[in-house]
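Work through the exercises below with the sequence and the model open. Each task is followed by a solution in steps.

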Amino acid sequence: EVIFVSLDHDESSFNSYYKSMPWLAVPFDEDDHGNNVREDLQGRFSVNGIPRLVVLNAQGSVVEENAVGKDLNSILIRANSAI
């Protein structure tokens with residue numbers, strides 16, 4: 001599953017960019033408990049530049065920290081073999 005996590009600074013930019021995407025996205029706004037999930041994920045995966053493509057396996061472990069420009073098929077095979 002692909003889930004888009006935006007680092008846009010405003011919701012209008014997020015909506016403009018996300019509307020062309022076919023996959024799920026982490027909402028721009030905070031959740032019901034006041035947590036900013038986007039910022040939490042940015043910190044958890046040490047995202048300091050974009051684009052960034054982090055690949056996780058089904059258990060949530062990082063398989064590839066930055067898959068941008070890499071052979072995604074081989075990364076996905078590696079991710080699925082870790083199940």
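**Exercise 1.** Find where Asn-36 lies, and decide whether Asn-36 is buried or exposed.

Solution. Asn-36 sits in the loop between strand S2 (24-25) and H2. Helices (H or I, at least four residues) and strands (E, at least two) are DSSP runs, numbered from the N terminus. Next, take the accessibility: Asn-36 counts as buried because its relative accessibility is 15%, and buried means under 20% relative accessible area (exposed over 50%, partly exposed in between; 1.4 Å probe, protein chains only). The model is predicted, so local features need pLDDT of at least 70 and side-chain atom pairs count only at pLDDT 80 or more, while totals for chains, interfaces and linings use all residues. Residues are numbered from 1 along each chain as its sequence is written, and side-chain values use heavy atoms, with hydrogens and water left out.

**Exercise 2.** Which backbone nitrogens lie 3.1 Å and 3.0 Å from side-chain atoms of Asn-36?

Solution. The 3.1 Å distance runs from a side-chain oxygen of Asn-36 to the backbone nitrogen of Arg-38, and Asn-36 thereby caps the N-terminal end of H2. The 3.0 Å distance runs from a polar side-chain atom of Asn-36 to the backbone nitrogen of Glu-39. Just after H2, Ser-46 has a positive phi of about 50°.

**Exercise 3.** Which residues make up the largest nonpolar core, and what does Ile-75 touch?

Solution. The core has five residues: Val-55, Val-63, Ala-67, Ile-75 and Ala-79. A nonpolar core is a set of buried Ala, Val, Leu, Ile, Met, Phe, Trp, Tyr and Cys residues joined through side-chain atoms within 4.5 Å. Leaving aside residues up to four places away in sequence, Ile-75 touches Val-55, Val-63, Glu-64, Ala-67 and Lys-70, where contact means heavy atoms within 4.5 Å.

**Exercise 4.** How do the residues lining the largest pocket divide into nonpolar, polar and charged?

Solution. The lining holds 24 nonpolar, four polar and five charged residues. Here Ala, Val, Leu, Ile, Met, Phe, Trp, Tyr, Cys and Pro count as nonpolar, Asp, Glu, Lys and Arg as charged, and the others, Gly among them, as polar.

**Exercise 5.** Describe the chain as a whole.

Solution. Count the elements: three helices and four strands. Read along the sequence, they follow the pattern β-α-β-α-β-β-α. The C-alpha atoms fill a box of roughly 35 × 30 × 25 Å, taken along the principal axes. Of the 83 residues in the chain, 20% are buried.

Methods. Polar contact = N/O pair within 3.5 Å; in protein donor to acceptor, adjacent residues only side chain to side chain.
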